[in-house]
Amino acid sequence: MNNDVIYGINGPVVTVKETDSFEMMEMVYVGAQKLVGEVIGITDRLTTIQVYEETTGLKPGDPVTGTGAPMNVLLGPGIIDNIFDGIERPLKAIEEQAGAFISRGAAVPSLDPQKRWAVTMKVKAGDRLEEGQIYATLPETPIIEHRLMVPPGLSGTVVEIKPDGDYRVMDTVAVLRDDAGESHELTLCQQWPIRTARPVKKRLAPTVPLITGQRVMDTLFPIAKGGTAAIPGGFGTGKTMNQHQLAKWCDADIIVYVGCGERGNEMSQVLDEFSELIDPKSNRPMTDRTVLIANTSNMPVAAREASIYTGITLAEYYRDMGYHVAMMADSTSRWAEALREISGRLEEMPAEEGFPAYLPSRLAEFYERGGRADVLSGGEGSVTLIGAVSPQGADFSEPVTQNTKRFTRVFWALDKSLAYARHYPAINWINSYSEYFNDLDPWFRENLGDEFVEYRNKISALLQEENSLMEIVKLIGADVLPDDQKLVIETARAIRVGFLQQNAFHAEDTYVPLEKQKRMMEVILHLHEKAKEIVAREIPISKITELGLFDKLAKMKYDIPNSRLEMFDEYIAEIDDKLGLLML
């Protein structure tokens, strides 16, 4: 522990003069209130500290105390079903202690030190334990088993073990003696530096999809478990709503939601909605498998920059237990703005639009921590990263969006005009893309048949063709198009309205299983192929549209329950009957 004093203050940036007491990235306490800070720069004259709390009231001469350790978080039971700020302070506990607003220097433990957990030991004295191995388990929530793991970098022989029973997070439940003969106490928790990725045994290829139940995502632009995706979009295009749908319906075991620099009222709405949501898999509250990190726009800007790393560290911790974790970051643009503000305070040379030159490397550092892996505990786990981007004026050419595209493999581009037309999800099927097709197609073929991939390719081709035709329609009108091209436009409309558009508030449409998605595509393409045969016989397309089949397909997402997929056969039979009469 070292004691020095403040020399200068510039917003959240504090300097200490002529000291060699601190190390780079060391966590420090600043001022009499012990505000949390981190060393981000050292020269022979000045040490620069980034403070994660409001610095109002600090003055030169106030003490700065080092901890000798990097900025870290406490990992253990009690993380799930909790709400933290950007540096893992529990907001519920702070509210009980200090009221609705976080007081500066609030020293509240991240995990409740008094709560007792029903621990079941999984090893016995004399057992050899390697890093990451599970030595005990406990029920963290009714649906999540917390697995206590030997911290990375530690291995040895169990020399003492406590019996099964109720223990607090700081209680010692086992003693491990390493190969050098030194003893290490194992508790219910461990600490980990937030800027360091947790180790895994082996990274795996992204060959399993993250199933979301959202048709436009699962079918046209799929993401893999352990994959990375960006959801860029202007104000009001539905970024937060899309992330809500993903959090509720995707087949991840645990959700980590980071509200990074969002408006306070929007964040409170998120917290309220998550507390009311029922998990469709377990019929328990969604909070039983959700971690929320709230860092609103009026909270200290430096803590906003840390919140992303806090979130990914918590996600990696649960991945190491063998869980599939999905992390939602809303939004990385606000995080980048925090980087820009701190960079300006440090008087660094700005790059494009004032963002620091290291913006791309910081984004890469974050997204590279996603992935699917064989974990040290012996199972398989993954962290899927989905980052919302909020480009000003919906301008996708700005630096945060462009650099995010470099490091993510799925791009769900939200379109303002689609949102204004009430087409949700407002994902533009022309500007969006997924780079996981080659990785995931073998899974789709094995589990859904070759037809699923074939149907998807045909649907994509029809949408692309319609996009080209609409350029002509804008110039000279639709009446001059030949009937085969009018058919393409009519089918594409059925795809857009009946397949891509999805109602998050409709019981049957909010989540759609992959088998139903496949059957929906099958019926639409069946109608298209049959209609194409009729048009080839020079029967006017108006005769086909008068039958109302295209309008019926636009409503099948509501009319056919997810549990009665055999009804699609009735639709196909009706198409064959009605179009067959036109051929007579």
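Which residues touch the most other members of the largest nonpolar core? In this predicted model, the answer is W412 and M556, within a core of 81 residues. Helix α13, spanning residues 514-536, is the top contributor to this core and puts in 10 residues. A second core, separate from this one, has 77 residues, with L74, L154, W335 and F355 among them. As a general backdrop, nonpolar side chains in soluble globular proteins tend to be buried together.

It helps to look at what surrounds W412. Leaving aside residues up to four places away in sequence, W412 touches M217, F221, I223, A229, A230, I231, P232, L246, I386, I427 and S432. One of these partners, I386, falls in strand β25, which covers residues 380-389.

On confidence, the mean pLDDT of the protein is 92, and 98% of its residues reach 70 or more. The lowest confidence sits in helix α4 (residues 264-276), with a mean of 73, while strand β26 (residues 410-411) has the highest, at 98.

Strand β25 also belongs to a run of antiparallel pairings. Its partner β24 (residues 371-374) is joined by three bridges to strand β19 (residues 202-204), and those two run antiparallel. In that pairing, R203 stands opposite A373 of β24. β24 then pairs with β25, again in the antiparallel sense, over four bridges; here D374 has E380 as its bridge partner in β25. The β24 and β25 strands make a hairpin, with five residues between them. In the turn, G378 takes a positive phi of about 110°.

Elsewhere, four strands make up an open sheet in the order β13-β12-β10-β15, paired antiparallel. The edge positions go to β13 (144-149) and β15 (165-167); each has a single partner strand, so one side of each is left without a neighbour in the sheet. From one strand to the next, the twist averages 40°. Inside the sheet, strand β10 (residues 117-121) and strand β12 (residues 134-141) are joined by two bridges and run antiparallel. Across this pair, T120 of the chain stands opposite T137 in β12.

Two individual helix residues round out the picture. T310 is found in helix α5, which runs over residues 301-320. Is T310 buried or exposed? T310 has a relative accessible area of 1%, so it counts as buried, the cut-off being under 20%. A polar atom of the T310 side chain lies 2.7 Å from the backbone oxygen of G86. G86 also appears among the residues that T310 touches, together with V73, I87, E88, I194 and I293, not counting residues up to four places away in sequence.

The other residue is G498, in helix α12 (residues 483-500). With a relative accessible area of 0%, G498 is buried too. What does G498 touch, not counting residues up to four places away in sequence? The contacts are R215, R493, M520, L553, A554 and K557. Of these, M520 lies in helix α13 (residues 514-536), the element that gives the most to the largest core. In the other direction, V473 is 25 residues from G498 along the chain, and the C-alpha atoms of the two are separated by 22 Å.

How values were computed
Residues numbered from 1 in each chain as written. Predicted model: local features only at pLDDT ≥ 70, side-chain atom pairs only at ≥ 80, totals over all residues. Heavy atoms only, no water. Core = buried A, V, L, I, M, F, W, Y, C linked by side-chain atoms within 4.5 Å. Buried < 20%, exposed > 50% of the residue type's maximum accessible area, 1.4 Å probe, protein only. Contact = heavy atoms within 4.5 Å. Polar contact = N/O pair within 3.5 Å; in protein donor to acceptor, adjacent residues only side chain to side chain. Pairing = 2+ DSSP bridges. Axes fitted to C-alpha atoms, helices over the stretch in contact; angles between N-to-C directions. pLDDT = per-residue confidence, 0-100.
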